[in-house]
Structure formats: C-alpha cells, structure tokens
Amino acid sequence: MKHFLHVDDIDSTASWLSLAAECKKEPFKFEKKGKGKVLGLLFFNNSLRTRLSTQRAAYHLGMHCMTMNIGNEGWALEFEDGTIMDQGKAEHIREAARVISQYCDVLGVRAFASLKDREKDEAEQVLHGFKKYATIPILNLESATGHPLQALADLITITEYQQTTRPKVVLSWAPHPRALPQAVPNSFAGIMKNNPQFDFSITHPKGYELNPEIVRDIPVFHDQNEALKDADFVYVKNWSASRPYGAVLSDDPHWMITREKLGKAYFMHCLPVRRNVIVEDAVLDSSNSLVIEQANNRTFAAQVALMKILESL
Ligand SMILES: NCCC[C@H](NC(=O)CCC(=O)O)C(=O)O
Ligand SMILES: NC(=O)OP(=O)(O)O
C-alpha cells in the first residue's frame, strides 16, 4: 500500500512524466484500473482545482468518488490522545479514520497549515493522523507543509513548454494581503531540487526563508530583478514568514510581477491568484501565462498518483 504524501514519493520522474503524457493523450486508456474502487476526498479548506481535477482523474480511472467538506459538514475532530472530550470536538480521529476506511479504498485529505502552531503544522497533525489510523492509502490534497500534486502538475507543465535542455526556473515571492502557507513553494522547490536538470533559484525578501532542509544549496536572491534576469519560467507565489511563524512582514508592491519584469519568460502560479497584487493583468492576459495549462495538468498529475496508489493495493 503506497501513500502519496510528498514530492519524494515520486519514485521516478521519467516514468511518472511519461505516464502523465500517456493519460493526457488518451484519458480513458486506464479506465479499468479503478473499477469497483471508491475514492474519498475530505476537505478541511476551500478548493476549486484540487476538488474538481481529482474527481475528474478518478472518473478517467473508472473509480467512484465521494467528496465531503469535512471541515464544515463533519463532526469537529479531536487529534490529541487522552483528551477529555467535553468541549467542542465530537469525534476522535481514531474512530473517524477507521470508519472512513470501511467506505473508501483511497482517501484524499486537504488540511492547510494553521500558521498559529508551528509544531503541529510541521508534524502534519491532520494528514499524519489519517495516515496513522486509516487502513487505506492517503493522497495529499495540500497539507500543512506540502502540495505535491500541484508540484507534479507544475513539473509536467515546465517539461511541456521548455525550449532548452536546462531552462532557468525562478521561484519568486510576491505580496498578498493575508498570511498564506508555505506548502506550495516547499513542494515546488522540493520537486526542482529532485530534478537538477533545471537551473533553479529562489527570490524573496529577507525574513521569508523557506524550510532550510529543502533549500540547502539552492541559490537564494533578495534582489528580485537580479534573480529574474534571463529566466525561462517565473513561478510566483506568496507565503508567510517563518519567523515570526505565519507573519506578514512585507506587502511591498514592488515585488508584484509585471510584464516588464517577466520579459520573455513564462509566468506560472498555482491559482487562485489576486490580480494586480501578485501579478498585473497584462501578464495573466498574455500568452506568457501558463496558469490555465498548469490547472489542466492537475487532472493528469492526480491520475498518475492515483494509478500508482491503485497498483500498490
Ligand atoms: N491550493 C493553492 C493555494 C492555496 C492557498 N491559497 C490561498 O489560500 C489564497 C487565498 C486568498 O487569496 O485569499 C495557499 O497559498 O496555500
Ligand atoms: N491550486 C490549487 O490547489 O487550487 P485549489 O486550492 O482551488 O484546489
């Protein structure tokens, strides 16, 4: 039984990418693989792309899909052990995960970082709670620290559009009015690190350092203009600071991506994106923007991850 929790669960980039291309060319080629199987999708947070693309991927594989906004519609879940449950939490993860495992064959979970309690976020309390107590494989639909399905879709997109063997890919921070998680930039940096064929670097203001275990030798620039020079792909995302944990230290509009800054590069973002805050209209409305193609590749990233899980059952 294989889970898909992290970009490191992609055991061979080449084989996953070629399977994604096969699925994209002929989406129903493997429609017998999931026959009679049920995919459960649990959302503790909002979603457009992840919810619909994963359902679509399940359809391509002949799986039945059940989706629940567990954060709003389910019983409030307790994750701590030994608690006297006389407050707001009605059900313990120990029962909930085992019960769901009787109804589903694979379980997708979306549970963002709280951005309040670093320890709980880094321990992936929700995702790992389901992994520990469910008896079926778990698919990460964006957790506290990672969004591997997004990173896989992004990798598929870059390989489709790259014009040189070693394109320059830059991950750039951009301003946002709210505090957002580091899950997307962590997984994008992680998948780039696992694929050294790309000339990858990161740019962000001081104080927005990503997880040092992921960043390690990746070049980091605090001067965005210097970082973006001659880039082929500019992947843009806001994230909140690591110290103080979850803080918004800067809303400097000079970090917004403009047409002038982008030059000839392709623009990438996982969506949803705030127009004229993260990036100006002229970029999103130009042929340099790959955001719609990235969102399309979410279906095939999910289809490949589900196929790998189904093969392991
Ligand atoms: N799944 C893709 C991104 C999800 C989330 N973005 C957001 O919550 C943006 C919401 C806003 O713009 O208010 C994030 O950054 O991890
Ligand atoms: N990119 C992404 O995960 O989008 P949703 O949050 O809409 O699922």
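**Overview of a predicted protein model**

Good morning. Of the 313 residues in this protein, 45% count as buried. Please keep in mind that the model is predicted.

I begin with the overall form. Along the principal axes, the C-alpha atoms occupy a box of roughly 55 × 50 × 35 Å. Why may we speak of a compact globule here? For a chain of 313 residues, a compact globule would have a radius of gyration near 20 Å, and the protein has 19 Å, so the two agree.

Next, the secondary structure and the contacts. The protein contains 13 helices and eleven strands. If we take the contacts between residues at least 6 apart in sequence, 77% of them join residues at least 24 apart.

I now turn to two annotated regions, both from unreviewed UniProt entries. UniProt lists residues 2–160 as "domain: Aspartate/ornithine carbamoyltransferase carbamoyl-P binding". This span is 42% helix and 14% strand, and its end C-alpha atoms are 27 Å apart. For residues 197–308, the UniProt record gives "domain: Aspartate/ornithine carbamoyltransferase Asp/Orn-binding". In that span, helix accounts for 31% and strand for 13%, with 24 Å between the end C-alpha atoms.

Finally, let us consider the ligand. Which residues are found around ligand 1? They are Glu142, Arg178, Leu180, Pro181, Ala183, Val184, Cys270, Pro272 and Arg274. By character, this shell divides into six nonpolar residues and three charged ones, with no polar residues.

Thank you for your attention.

How values were computed:
Residues numbered from 1 in each chain as written. Chains lettered and ligands numbered in written order. Predicted model: local features only at pLDDT ≥ 70, side-chain atom pairs only at ≥ 80, totals over all residues. Helix = DSSP H or I, 4+ residues; strand = E, 2+ residues; numbered from the N terminus. Rg over C-alpha atoms; globule rule 2.2 N^0.38 Å. Buried ≥ 20, exposed ≤ 12 C-beta atoms within 10 Å, placed from the backbone. Contact = placed C-beta atoms within 7 Å. Near = placed C-beta within 6 Å. Nonpolar A, V, L, I, M, F, W, Y, C, P; charged D, E, K, R; others polar. UniProt positions renumbered as here; feature names shortened; annotations may be inferred.
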